[in-house]
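Let's take a walk through this chain together, starting with its overall make-up and then stopping at a few individual residues. Please keep the viewer open as you read.

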Amino acid sequence: LTELSAEDRAFIRGQYDGAIRHADRVLEAFFRDLDAMGFLESAVVMVTADHGEEFGEHGGLLHRGMLYEESIRVPLILRGPGVPAGRVDGRLASLVDIAPTLLTRAGIHPPPRMAGRNLLLPGGAGSQEAVFTQYGPLRYGVRTLEWKFILNAEPRSVELYKLRADPGERNNLAGERPEVARRLERILREWRGSLPVLDEGPQAAPGPTEEERIRLRGLGYLTGP
């Protein structure tokens, strides 16, 4: 990123803004057609994203598997019957809440082991103390309304940010507030310990080819050689 000029950065950001505008226009036409058919009268629509992009906030470009807010904070827009109109909810929510929310709204009981909660219920997912994120086995994060804790696995390091005072995550407070860091790391480890272990068995699928690795690395989904 440091090798890019200001003009290069502006161009990349402009390309990204253009992609967003294109997506807006496509969705506008899509929803207009659905509305004309009467489909939206009874439909629940949710719009979200898998990740954001970096534009130099922490020295990187696009998505590198980092867990800062510019990468993991995404839109979550919900509309339809039974959804309060025009309300912005600042409580905590996670992408794992999408499936149980939509299943419940469709009259289907989520499986008992399904993660997440119904966002449309009072005291639902937004009332939980923390939400979690991870990038493979390399980084794990936990966020509360006030704090953000990141555990980098190799080499081990920890980061702690007070988000309301430092939304750009510039001032690592792990050394100044070790008691908060320890509490959040304990919550993070308890969450990790609760996750199911998937047994791939002896016939595990082969890894990606070198060409596939190059393409995945270019998209930010692989790090290292």
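For the charge count that follows, Lys and Arg are taken as positive and Asp and Glu as negative, while His and the chain ends are left out. On that basis the chain carries 29 positive and 32 negative side chains, and the centres of these two sets are 5 Å apart. Do bear in mind that this is a predicted model.

## The chain as a whole

Five helices and eight strands make up the secondary structure. Read from the N terminus, their order is α-β-β-β-α-β-α-β-β-β-β-α-α. Along the principal axes, the C-alpha atoms occupy a box of roughly 55 × 50 × 45 Å. Of the 225 residues in the chain, 28% are buried. About 15,000 Å² of the chain is exposed, and carbon and sulfur atoms account for 56% of that area. As for contacts between residues at least 6 apart in sequence, 50% link residues at least 24 apart.

## Two helices and the glycines after them

Helix H1 covers residues 6-36, a run of 31 residues. How far apart should its ends be at 1.5 Å a residue? The expected span is 45 Å, and the end C-alpha atoms of H1 are indeed 45 Å apart, so the two values agree. After H1 comes Gly38, which has a positive phi near 80 degrees.

Helix H3 spans residues 98-105, and its buried residues are Ile98, Pro100 and Thr101. Which strands do these buried residues pack against? Their partners are strand S1 (45-48) and strand S4 (76-79). H3, too, is followed by a glycine with positive phi: Gly107, near 85 degrees.

## Three residues to look at

The table sets out how much of each residue is accessible.

| Residue | Relative accessible area | Class |
|---|---|---|
| Asn152 | 10% | buried |
| Pro208 | 37% | partly exposed |
| Pro75 | 42% | partly exposed |

Let's begin with Asn152, which sits in strand S7 (residues 147-152). Is Asn152 buried or exposed? With a relative accessible area of 10%, Asn152 falls under the 20% cut-off and therefore counts as buried. Its side chain has polar partners: one polar contact, at 3.4 Å, is with the side chain of Arg139, and another, at 2.9 Å, is with the side chain of Glu159. Setting aside residues up to four places away in sequence, Asn152 touches Leu138, Arg139, Ser157 and Glu159. Arg139 and Glu159 thus appear both as polar partners and among the residues touched.

Pro75 is found in the loop between helix H2 (69-72) and S4. Its relative accessible area of 42% makes Pro75 partly exposed. Beyond its neighbours within four places in sequence, Pro75 is in contact with Val47, Thr48 and Ala49. Pro75 and Asp50 are 25 residues apart in sequence, with 9.3 Å between their C-alpha atoms. Strand S1, which spans 45-48, is also one of the strands that the buried residues of H3 pack against.

Pro208 belongs to another loop, the one between helix H4 (178-194) and helix H5 (210-218). At 37% relative accessible area, Pro208 is partly exposed. Leaving out neighbours within four places, Pro208 is in contact with Arg213 and Leu216.

Terms used
Residues numbered from 1 in each chain as written. Predicted model: local features only at pLDDT ≥ 70, side-chain atom pairs only at ≥ 80, totals over all residues. Heavy atoms only, no water. Helix = DSSP H or I, 4+ residues; strand = E, 2+ residues; numbered from the N terminus. Buried < 20%, exposed > 50% of the residue type's maximum accessible area, 1.4 Å probe, protein only. Contact = heavy atoms within 4.5 Å. Areas by Shrake-Rupley, 256 points an atom, 1.4 Å probe, with all protein chains shown as cover. Charge placed at Lys NZ, Arg CZ, Asp CG, Glu CD. Expected span 1.5 Å × (residues − 1). Polar contact = N/O pair within 3.5 Å; in protein donor to acceptor, adjacent residues only side chain to side chain.
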